[in-house]
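Please look over the sequence and the three-dimensional structure shown here before reading on. The report that comes after is meant for someone meeting this structure without earlier acquaintance.

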Amino acid sequence: MLGRIRQWQQHTWRQRSKAERVEMHSVLGWYTSVWVFSLVWLVLPVAGDLRHRPLPVVLVGLLLAANMLQCAVANALTRPALDHYLGRRTLSASVLKAPLALLGLALVLLLVLTAIGGIASWIARLALGGVLVPFGQTYGLVVPIRVFLRRSAVLAVLLMAGVALAGGRVADIVMTGLMVAFCAGFSLLASRCSAWTLSVLWEAERARDVEARLAVAEERLRFGRDLHDVMGRDLAVIALKAELAVQLGRRGRPEAVEQMIEVQRLAQESQREVRAVVRGYRGADLGAELAGAQGVLTAAGIDCTISGSAEGLPAPVQSALGWVVREAATNVLRHGDARRCAVTVDVTDGRAVLTVENDGLPESSPAGPPGSGLAGSGLAGLRERLAALNGTLRAGPADGGRFRLTAEVPLPPNKPPARPVPSKTTPVSEVTR
């Protein structure tokens with residue numbers, strides 16, 4: 001049993017977003033509450049106080065059957081009613097005919113039982129609550145609050161009149177009105193307030209997604225600016241030299257060949273620079289990459305902390321570790337359900353060590369160690385880049401359901417690390433893909 005619960009938690013619960021989890025918790029609460037009210041306020045009191053005569057027994061049996069159907073219909077309509085309130089779909093008024101008919105039947109049975117003395121008057125008041133709550137929770141999500149309160153007041157007046165016609169005392173009439181008011185307030189509190197909280201949560205979730213997309217768009221714009229800086233000058237020179245070669249060729253001048261050779265050289269050089277920008281081989285400022293990763297993760301709702309400094313690391317080491325930061329941040333966003341991520345940069349024993357650790361370890365990954373999220377050539381590509389500097393990469397689960405990625409790069413021997421010079425061009429993050 002415990003194994004099935006853990007399996008459900010891993011496959012159903014942990015794969016949902018925070019907003020989906022809160023919504024699921026609220027819906028399950030609504031499913032349960034109607035049955036609890038029916039059991040505690042109707043089934044147990046009525047069954048314990050039943051007058052064992054043929055007619056009361058038949059009427060109580062019908063009342064219990066109607067109430068069970070009420071709870072089942074309320075559970076079936078809870079999700080559609082919530083979607084209607086959140087604006088996901090439109091709920092037709094015709095779907096309320098069945099619960100309204102069941103409510104009317106249950107109320108008539110209660111009045112008849114009260115009139116013939118089949119159950120005590122105080123038991124009838126409790127049973128009234130068990131009948132009204134299943135209908136009220138669903139109805140409170142479908143109609144505006146003013147309409148709900150107005151119709152609840154009309155229902156209270158009708159029931160109080162029915163109790164008076166059935167020979168009820170003044171105290172019974174007043175308690176009937178108070179019970180209807182209580183059930184109306186409880187239904188609004190249990191359904192409408194929770195649904196409003198869910199709507200605010202979903203709005204915040206959508207705002208966070210928009211913020212994350214804006215962060216990605218800003219990264220793409222930065223890459224566009226870097227690419228323009230790299231290609232703008234070379235393309236302008238190529239255009240001028242190509243135009244000059246055309247003019248010289250029309251005049252039959254041999255210098256046209258030399259100009260076209262120069263155009264070819266510039267084109268090849270530009271091609272190499274573009275490949276360097278796209279692949280991330282140009283010099284990178286690790287500090288800028290750390291700040292960028294923190295900004296993107298924070299925009300996605302992940303608490304990201306940066307420890308240590310990139311000061312003093314050689315440019316090749318910064319470039320390699322910067323790529324690790326970009327790849328790790330991408331996979332934290334794409335895989336698992338991380339809430340916190342910690343990035344640490346340290347220099348010990350002549351080695352630069354970068355550690356990225358996050359929670360929300362998923363059960364499995366399409367490639368690489370479980371929970372790594374580095375599908376395809378992610379780990380292999382990082383190891384190739386670090387191997388060029390005799391570096392190593394370790395990735396795998398850590399204690400407490402966390403995942404840790406550790407990259408180590410030895411610093412150049414017999415040479416103090418040079419203070420890094422920020423590059424004019426920062427490689428594009430994998431997040432932009």
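What follows describes a sheet, two nonpolar cores, some enclosed and open spaces, and a few single residues.

The structure is a predicted model, and every value given below was computed from it.

**The sheet**

Five strands make up an open sheet, in which they are arranged in the order 1-2-3-5-4 and the pairing is mixed. Strand 1, covering residues 303-307, and strand 4, covering residues 392-398, are the edge strands, since each of them pairs on one side only. Averaged over the sheet and with direction ignored, neighbouring strands are turned by 10° against each other.

Against this sheet packs helix 10, formed by residues 315-334, which touches strand 2, strand 3 and strand 5 (402-410). The direction of helix 10 makes about 5° with that of strand 3.

Two antiparallel pairs within the sheet can be described in more detail. Strand 2 (residues 340-348) and strand 3 (residues 351-358) run antiparallel and are joined by eight bridges, and Ala 342 has Glu 357 in strand 3 as its bridge partner. Strand 4 and strand 5 also run antiparallel, and here seven bridges join them, with Thr 392 standing opposite Glu 408 in strand 5. Strand 4 and strand 5 form a hairpin that leaves three residues between them, and in its turn Gly 400 has a positive phi of about 75°.

**Residues with positive phi in loops**

Positive phi values also occur in residues that are not glycine, and two of them are set side by side here.

| Residue | Phi | Loop | Relative accessibility |
|---|---|---|---|
| Asp 349 | near 55° | between strand 2 and strand 3 | 78% |
| Asn 390 | about 60° | between helix 11 (378-387) and strand 4 | 62% |

Are these residues, Asp 349 and Asn 390, buried or exposed? Asp 349 counts as exposed because its relative accessibility of 78% lies over the 50% cut-off, and Asn 390 counts as exposed because its value of 62% also lies over 50%.

**The nonpolar cores**

The largest nonpolar core contains 45 residues, and Leu 128 and Val 131 are the ones with the most contacts inside it. At least two residues of this core come from each of helix 2 (18-49), helix 3 (54-85), helix 4 (97-116), helix 5 (121-142), helix 6 (145-165) and helix 7 (170-250). Among these contributors, helix 5 gives the most, with eleven residues.

Which residues are in contact with Val 131, if its neighbours within four places in sequence are left aside? They are Leu 42, Leu 63, Asn 67, Gln 70, Leu 103, Ala 106, Leu 107 and Leu 110.

Apart from the largest core lies another one, of 35 residues, and its members include Leu 354, Leu 393, Ala 395 and Phe 403.

**A buried residue of helix 7**

Ala 195 lies in helix 7. With a relative accessible area of 0%, Ala 195 is buried, because that value is under the 20% cut-off. When neighbours within four places in sequence are left aside, Ala 195 is in contact with Trp 30, Leu 82, Tyr 85, Leu 86 and Leu 141. The C-alpha atom of Ala 195 is separated by 9.6 Å from that of Asp 83, although these two residues are 112 residues apart along the chain.

**Pockets and cavities**

The second largest pocket holds about 340 Å³ of space. It is lined by 17 residues, and those closest to the centre of this pocket are Leu 103, Phe 135, Tyr 139, Arg 151 and Leu 155. Helix 4, helix 5, helix 6 and helix 7 are the elements that give two or more residues to the lining of this second largest pocket.

Five cavities of 30 Å³ or more are found in the structure, and the second largest cavity has a volume of about 80 Å³. The lining of the second largest cavity consists of Leu 107, Leu 110, Leu 111, Thr 114, Ala 124, Arg 125, Leu 128, Leu 159, Val 163 and Thr 176. Helix 4, helix 5 and helix 6 each supply at least two residues of that lining, and helix 4 gives the most, with four residues. Leu 128, one of the lining residues of the second largest cavity, is also one of the two residues with the most contacts inside the largest nonpolar core.

How values were computed:
Residues numbered from 1 in each chain as written. Predicted model: local features only at pLDDT ≥ 70, side-chain atom pairs only at ≥ 80, totals over all residues. Heavy atoms only, no water. Axes fitted to C-alpha atoms, helices over the stretch in contact; angles between N-to-C directions. Contact = heavy atoms within 4.5 Å. Core = buried A, V, L, I, M, F, W, Y, C linked by side-chain atoms within 4.5 Å. Buried < 20%, exposed > 50% of the residue type's maximum accessible area, 1.4 Å probe, protein only. 1 Å grid on protein atoms, 1.4 Å probe; cavity = no way out; pocket = protein on both sides within 12 Å on 5 of 7 lines; lining within 4 Å. Points joined across faces, edges and corners; volume = space filled by probe spheres on them.
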